[in-house]
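Work through the exercises below with the sequence and the model side by side, and try each task before reading its solution.

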Amino acid sequence: MKLFDVYPRFPITPVKAKGVYVWDENNTRYLDLYGGHGVISIGHSHPQYTKAIENQVKKIGFYSNSIEIPIQKELAEKLGNLSGYPDYALFLCNSGAEANDNAIKLASFYNHKKTVIAFKNSFHGRTGVTLNVTDDPKISASINQDNFKVIYVPLNDTVAFDEAIKQPDVSSVIIEGIQGVGGLDYPNVEFLEYISAACAQHEVILILDEIQSGYGRSGKFFAHQHSAIKPDLITTAKGMGNGFPIAGLLIHPKIEAQKGMLGTTFGGNHLACAAGVAVLDVLEAENLMSNVVDVSAYLVKELATIPQVIKVKGMGLMLGVELAYPVDEVRLKLLNAYQIFTGNAKNKYVLRILPPLGVTKKQVKVFVNALREIVS
Ligand SMILES: Cc1ncc(COP(=O)(O)O)c(C=O)c1O
């Protein structure tokens, strides 16, 4: 059998990884400033993380949600405390799209309404429901389109948002903490506060998609915490498991659980929770969020000294470097001539930087020097 060939791939085969580096089969070392698409939070193969998974699998790797799984409660308690949401409840699942799918469904269970407000350039996943709120018709099949009404609003446009939320039957608003795939734009504090108040007034559920921007990446646990809002639902995935598939939905106490309302076979399994607990422990013990703030400030300042860099977008260690021309070739040169992984975005002019959160100033300086040489 051959693979269903849907992924454009670089001809590189990493066989080993540690911290901020990966090595291919020829033992060539690469600086990973993309973290496998923003997934690697505490660093590749962190010893505390690998040990936690190893210990867990030796005891019990999996049993379904039909039995007691105490490590789920441990994860929920740690996540609640570290994220500043101790009074919210946690539903565990397996991927970002699944978390968003469940969030939109839960909002509709709660208020029995059907229309969703989403934003231009959004990306929320590739399931039936999430494709409908993802602003990219190219990845949507006929069956995914118009299965419920979605109103797309430009980011940070309060007038357009006001018009949308006045429409009948609006169930939820879904918004990214920082737009990842779209190109590193984010809702400003005033806009977040405005939509949060409007949602409360119209009894609409506010869903913050923190799948890429969460878990410390912005310098706060969640990117929306640069404002004072408290969304009704928060979704998380990528950095949550540092590569082990796990996702979560944080749920405001006003939304009550009913047996059978949501469910999944693999969600919250023992191994995924062991990975999730280790990630939170390391995030806290190694002060990774303050490293993000520190290294980000340094990197943004250094990038500003390159005349060809038009703008640095994003926050923390979720940054977009905008050039005056499409970045594809620059990205290839970084990879082939300098052994540095970076990402791209829907906006072709933006190079995406999503390193493990423990990256050092010295390591990002290597990238700045390489970029300067390439664009000069
Ligand atoms: C903001 C955001 N939401 C949702 C998703 C979908 O996550 P997954 O690929 O785990 O389904 C992604 C993935 O890139 C994302 O960046």
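**Exercise 1.** Find which exposed residues lie on the face of α7 turned away from its buried side.

*Solution.* The face of helix α7 that is turned away from its buried side carries E190, A197 and Q201, which are exposed (12 or fewer other C-beta atoms within 10 Å of a residue's own, against 20 or more for buried and partly exposed in between, with C-beta atoms placed from the backbone). Helices are DSSP runs of H or I with at least four residues, strands are runs of E with at least two, and both are numbered from the N terminus. Residues are numbered from 1 along each chain as its sequence is written. The model is predicted, so local features need pLDDT of at least 70 and side-chain atom pairs count only at pLDDT 80 or more, while totals for chains, interfaces and linings use all residues.

**Exercise 2.** Identify the buried residues of α7 and explain why they line one face of the helix.

*Solution.* Begin with the buried residues of α7, which are L192, I195, S196 and C199. Looking down the axis of α7, one finds these residues within an arc of 105° (taken from the directions from the helix axis to the C-beta atoms), and therefore they line one face of the helix. Their cover includes α6 (158–165), β7 (170–176) and β8 (205–209), where contact means C-beta atoms, placed from the backbone, within 7 Å.

**Exercise 3.** State which residue follows α7 and what sign its phi has.

*Solution.* The residue after α7 is E203, and its phi is positive, near 55°.

**Exercise 4.** Determine how the chain is divided into domains.

*Solution.* By an automatic or database domain assignment, the chain has domain 1 (14–43 + 290–375) and domain 2 (47–285). The centres of domain 1 and domain 2, taken over C-alpha atoms, are 26 Å apart. To their contact, domain 1 gives 23 residues and domain 2 gives 25 residues.

How values were computed:
Two residues are in contact if their C-beta atoms, placed from the backbone, lie within 7 Å.
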